[in-house]
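Reader: Hello! I'm new to reading structures, and I'd like a close look at one helix and what lies around it. Could you walk me through it step by step?

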Amino acid sequence: MNSKRDHGGLDRRGFLGVGAGTAATLPLLSSLAGAATPPPAPPPDPRAATNVTLRINGQDHRLAIDPRTSLLDALRDHAGLTGAKKGCDHGQCGACTVLVDGTRVLSCLTFAVMAQGREITTIEGLAGPGGALHPMQQAFIDHDAFQCGYCTPGQIMSAVACVQEGHAQSDADIREYMSGNLCRCAAYPNIVAAVRQAKSEMEGA
Ligand code: FES
Ligand code: FES
């Protein structure tokens, strides 16, 4: 029995117009088509390292980092400055506070690439050239303004800015403008006393 069905004289191959010669040229045609329209380039890898230069405590640090790296991670994991602490990594505790151009910022919420060309100060850069403690550091010692010390670098950096901003005019002021720095050891009364003492010394009173 003939398995071909009668379609008015056309079989499937004839209907498609694919003869032996045509079939032989198809690979060539498809490769020519491929050459004309190259496949799209893959999207850039967002994790690919980018080179940044951060000026930290008066020194340039050249780092190759994922552009999504936070300033806190750049400081701790790439520049080897572990003074700023990671408490929450969500902008809620203040343990990661550093100064950028003299303004306090939460380094866990700041991209490192955004800090290029700015002057970054961490707790490691606060002491004087001879290692003399900053008045705020000394005041924290004098008033025993810490227990475990985990929040202390952030407290001190924030307190320095608090005084420089003119936001340490009273104890209530200090509590208000230091309220972004949490202390789970609850050393708050001693911290307020330390800021009050350092303010006098920083202002030469
Ligand atoms: S670690 Fe940045 S605010 Fe808590
Ligand atoms: S001294 Fe322990 S968290 Fe502040």
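Author: In helix H7, the residues Ile191, Val192, Ala193, Ala194, Val195, Ala198 and Lys199 are buried; buried means under 20% relative accessible area, exposed means over 50%, and partly exposed lies in between (1.4 Å probe, protein chains only). Helices here are DSSP runs of H or I with at least four residues, strands are runs of E with at least two, and both are numbered from the N terminus. This is a predicted model, in which local features need pLDDT of at least 70 and side-chain atom pairs count only at pLDDT 80 or more, while totals for chains, interfaces and linings use all residues. Residues are numbered from 1 along each chain as its sequence is written, chains are lettered from A and ligands numbered from 1 in the order in which they are written, and side-chain values use heavy atoms, with hydrogens and water left out.

What lies over those buried residues? The cover of H7 includes helix H4 (135-142), helix H5 (152-164) and helix H6 (171-177), where contact means heavy atoms within 4.5 Å. As background, an α-helix has 3.6 residues a turn, so residues three or four places apart point the same way.

You can also check the length of H7. The expected span of a helix is 1.5 Å times one less than its number of residues. For the 15 residues of H7 that gives 21 Å, and the end C-alpha atoms are 20 Å apart, which agrees.

Now follow the chain out of the helix. Glutamate 203 is in the segment after H7 (188-202). Glutamate 203 counts as partly exposed because its relative accessible area is 44%. Look for valine 163 as well: glutamate 203 and valine 163 are 40 residues apart in sequence, yet their C-alpha atoms are 8.7 Å apart in space. Glycine 204, also just after H7, takes a positive phi of about 70 degrees.

Before H7 in the numbering, there are two side chains to find. The charged end of arginine 184 sits over the ring of tyrosine 150, 5.6 Å from the ring centre; this label requires NZ of Lys or CZ of Arg within 6 Å of the ring centre and within 35 degrees of the ring normal. Cysteine 185 is partly exposed, because its relative accessible area is 22%. Elsewhere, cysteine 93 counts as buried because its relative accessibility is 15%. A search of the whole structure finds zero disulfides, a disulfide being a pair of cysteine sulfur atoms within 2.5 Å.
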